Amino acid sequence: MRILVAGAGPAGLYFSYLAKRSHPGWQIRVVEQNPPDSTFGFGVVFSDRALEFLRGDDPATYDLITPAMESWTDLTVVHRGTPVVIDGIGFAAIGRLRFLQLMQQQLSSVGIEPDYNRSLSSEEELKDNDLVVAADGANSFVRRTRDFGTTVTPLSNKFAWFGTTRRFATLTQTFVENQHGTFNAHHYRHSSAMSTFVFECDAATWQRAGFAGMDEAAALTFCQKVFADTLEGHPLVSNKSIWRNFPNVRNRRWHAANVVLIGDALRTAHFSIGSGTRLAMEDAIALEKALREHASDVPAALAAFEAARRPIVDKLVAAADASAAWYERFPEHMRLAPRELAWSYIQRSGRIDPARLRKISPKFVDG
Ligand SMILES: Cc1cc2nc3c(=O)[nH]c(=O)nc-3n(C[C@H](O)[C@H](O)[C@H](O)COP(=O)(O)OP(=O)(O)OC[C@H]3O[C@@H](n4cnc5c(N)ncnc54)[C@H](O)[C@@H]3O)c2cc1C
């Protein structure tokens, strides 16, 4: 079997590792446009059960990554300067680069070194493979070479993905209002020295604040001032922290002939539910399993992959969409008192109803 994997992000690295581990005889080539030590953003979180989905089938990767993670058991919502702690909502986080390095190490252990600094840019390069795995992210080039029934819908809020040297005690959602409008930050520590700080605001606030006319450095200084109380004197740190609108990627078809989409190329899930990386890895697991169970019958394997995975993905995407819709209206939610805002926030994705919340967050519900 000859496989071309486009992209060495979480989806591409993990799929290639699993496939080569099961089939040492397969020829797997991974092509990545960037160098191995380059990445955008800072840390990523994994919600509640963190990497538990790996523990059974892949204890080696679980044991490698878990010690490098920061974890905590509560979540904090800060509104009008008042922190509200929601107990029992645990997360684990890791620096995105650290995570990719550990996945690269796994891939190297099965004898694959990705072809770095090489961008796939012509259909010609996809030829002569039994299978092409498009793991090249939300803006996938490979996806554009076939008709997958793709839609890419940008959300209206603007966000920029920063880091900071302040280490926060828990994953925190901070809401701030000033003369320009309303702002939100998603922030949590992801290493012994750094936290992730995703700055978000609605389009009207973004315009009023004058971000359109600011360069990256001026925008960073502005964002730092908005969240001065939260940062307590620590700086924001940039890493390609440009303004973006989150793209909701959806595909009617998951595969076309011998090309299959996985990870963000297949669908994005709004970052507020902290699941994109896990979804990408679970796609990799499901695709490798389908290939194993259908030997070298690629069409049967791709059909089985979609049949097994689509219902699970659809459920998570619905939760991600509900969460994203809540953020698109966060200025309205900010009219609520701090505890009411926290109550609205925690139920935003439809996955936690009051009965379940009472079980997992008794202190918060009693409060
Ligand atoms: C602000 C923000 C915060 C996030 N926070 C979280 C979080 O807390 N938790 C979480 O789980 N997820 C989070 N995510 C989502 C997460 O980053 C993605 O879901 C995840 O990275 C998807 O992995 P992937 O491998 O599919 O794609 P990517 O990570 O995008 O990797 C794709 C790779 O393909 C390469 N590539 C692209 N085009 C080509 C080409 N033509 N040729 C060769 N290589 C190419 C890219 O360079 C890249 O390395 C967040 C996303 C954003 C935007």
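Lys and Arg are counted here as positive and Asp and Glu as negative, with His and the chain ends left out. On this basis, in the predicted model, the chain carries 41 positive and 40 negative charges, and the mean positions of the two sets are 2 Å apart.

The secondary structure of the chain amounts to 13 helices and 17 strands. Its radius of gyration is 21 Å, close to the 21 Å given by the globule rule for 367 residues, so the chain is as compact as a globular protein of that length. Taken along the principal axes, the box filled by the C-alpha atoms is roughly 60 × 50 × 40 Å. Of the 367 residues in the chain, 55% are buried, while the accessible surface comes to about 15500 Å², with 52% of this surface belonging to carbon and sulfur atoms. When contacts between residues at least 6 apart in sequence are considered, 73% of them join residues that are at least 24 apart.

Attention then turned to individual loop residues, beginning with backbone geometry. Most residues other than glycine have a negative phi. Arg80, which is not a glycine, nevertheless has a positive phi of about 50 degrees; this residue lies in the loop that runs between strand S5 (75–79) and strand S6 (82–86). Because its relative accessibility is 52%, and the cut-off for the exposed class is over 50%, Arg80 counts as exposed. A positive phi is also found at Asp128, where the value is near 65 degrees, again in a residue other than glycine. Asp128 is placed in the loop between helix H4 (96–109) and strand S8 (131–134), and with a relative accessible area of 66% this residue is likewise exposed.

Thr170 was examined as a further loop position, situated between strand S10 (158–164) and strand S11 (171–178). With a relative accessible area of 12%, which falls under the 20% limit, Thr170 is classed as buried, whereas Arg80 and Asp128 are exposed. Once the neighbours of Thr170 within four places in sequence are left aside, its contacts comprise Trp72, Asp74, Leu75 and Thr76, together with His187, Tyr188 and Arg189. Among these partners, Leu75 and Thr76 belong to strand S5 (75–79), the strand that precedes the loop holding Arg80. The loop containing Thr170 is thus linked through contacts of this buried residue to strand S5.

Notes:
Residues numbered from 1 in each chain as written. Predicted model: local features only at pLDDT ≥ 70, side-chain atom pairs only at ≥ 80, totals over all residues. Heavy atoms only, no water. Helix = DSSP H or I, 4+ residues; strand = E, 2+ residues; numbered from the N terminus. Rg over C-alpha atoms; globule rule 2.2 N^0.38 Å. Buried < 20%, exposed > 50% of the residue type's maximum accessible area, 1.4 Å probe, protein only. Contact = heavy atoms within 4.5 Å. Areas by Shrake-Rupley, 256 points an atom, 1.4 Å probe, with all protein chains shown as cover. Charge placed at Lys NZ, Arg CZ, Asp CG, Glu CD.
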